[in-house]
Amino acid sequence: MTSRQITTSSGARLGITGYGDPASGRLVVLFHPAPGASRFDPDPAATGHWGVRLLGIERPGYGASDPAGKAPSFVRFADDVAEYLRRIETNAEQIGTVPFHSVGAVGWGVGAIAAAVLAARHPRQVDALLLVDAPADARLDDLHAPFQLADLGIGDEPAAEAAHPDILRRVGRMLDDAGRQGEAGIDFDRAALDADDWKDRLGGIDVPTVLVYGDDHPFVRADRDGAWLSDRIPSARVVRVPDVAGLAVGAVWSRILTHVAPEHGATADE
């Protein structure tokens, strides 16, 4: 795991954490939920096996990212991320490391909105999109630091916990990171959601898109949120995960990687 802060040409200073193989030619970008932060790998064993580089990028106010200096916007954040992706692609080519061109994008919760806007605005850079527990109409008014597992819809989930016994500790650490600046990150997300500029971008997504929902999630539903989003994202399909509430991102991480990094790491029984 490597963490650092980068500065974009817009002046945004964003916290970034990398997992997996730093020399891989396949990059997967993971956008965290609200609340959330970049220091989270849904399944480290699967990520390591898959042979990809996993990169988490924090929205303003979360973790090591500075609070928003301008009017909060998912569009502006997506443009900052796209600029950074172009920068590391250019650097890889200049120093002769394994190059990459387009990436797989994964968004969890409110992070799904950031991932979707990136795919819509920068189609050359994203070739596969997967959104987990994506809300059609997120409401964050009741979220306050310090953040809890229940804020992500995570409750009693024995199947997911049995398959990934360390996942609750890792989510808890992510939530601690999310609250390092109090509620600055949640404030960014609230204002960016109110801006509503992201909804008009969904029709511009032209990459294969999968919407994943835990059947027992208390806040979002496949037949409501998933249906609303799939009506607006061309060629999107909805996948339901039974017996899971807020831990779908970890419960089916290998299947998620199959979509966003299909040429890497599939095991014989998958």
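The accessible surface of the protein comes to about 11000 Å², and carbon and sulfur atoms contribute 49% of that area; the areas were obtained by the Shrake-Rupley method with a 1.4 Å probe, and for residues only the protein chains shown count as cover. The model is a predicted one, in which local features need pLDDT of at least 70 and side-chain atom pairs count only at pLDDT 80 or more, while totals for chains, interfaces and linings use all residues. Residues are numbered from 1 along each chain as its sequence is written, and side-chain values use heavy atoms, with hydrogens and water left out.

Of the 270 residues, 55% count as buried, where buried means under 20% relative accessible area, exposed means over 50%, and partly exposed lies in between (1.4 Å probe, protein chains only). The radius of gyration is 17 Å, which agrees with the value near 18 Å for a compact globule of 270 residues; the radius is taken over C-alpha atoms, and the globule rule is 2.2 Å times the number of residues to the power 0.38. Along its principal axes, the C-alpha trace spans about 50 × 50 × 35 Å. Among contacts with a separation of 6 or more, 79% come from residues 24 or more positions apart, a contact being heavy atoms within 4.5 Å.

Turning to the secondary structure, the protein holds nine helices and eight strands. These are DSSP runs numbered from the N terminus, with at least four residues of H or I for a helix and at least two of E for a strand. An open sheet of eight strands follows the order β1-β2-β4-β3-β5-β6-β7-β8, and its pairing is mixed. The edges are taken by β1 (2-7) and β8 (237-241); each has a single partner strand, so one side of each is left without a neighbour in the sheet. From one strand to the next, the twist averages 25°. Pairing here requires that DSSP finds at least two bridges between two strands, and in general the strands of a sheet pair through backbone hydrogen bonds, either parallel or antiparallel.

Within this sheet, strands β5 (residues 103-108) and β6 (residues 126-132) run parallel and are joined by six bridges. In this pair, V106 stands opposite L130 of β6. Helix α3 (residues 111-121) lies across β3 (27-31), β5 and β6, and runs at about 160° to β6; axes are lines fitted to C-alpha atoms, for helices over the stretch in contact, and angles run from 0 to 180 degrees between N-to-C directions.

A closer look at helix α1 (residues 44-50) brings up T47, which belongs to that helix. T47 counts as buried because its relative accessibility is 1%. Beyond its neighbours within four places in sequence, T47 is in contact with G20, D41, V52, L54, W253 and L257.

Some backbone details in the loops deserve a note as well. The peptide bond from A34 to P35 is cis, with omega near 0°, and P35 sits in the loop between β3 and α1. A cis peptide bond also links A145 to P146, with omega near -5°; P146 is placed in the loop between β6 and α4 (158-163). The loop between β6 and α4 also contains D133, a residue other than glycine with a positive phi, near 50°. With 3% relative accessibility, D133 counts as buried. S235, in the loop between α7 (222-232) and β8, likewise has a positive phi, near 65°, without being glycine. At 69% relative accessibility, S235 counts as exposed.
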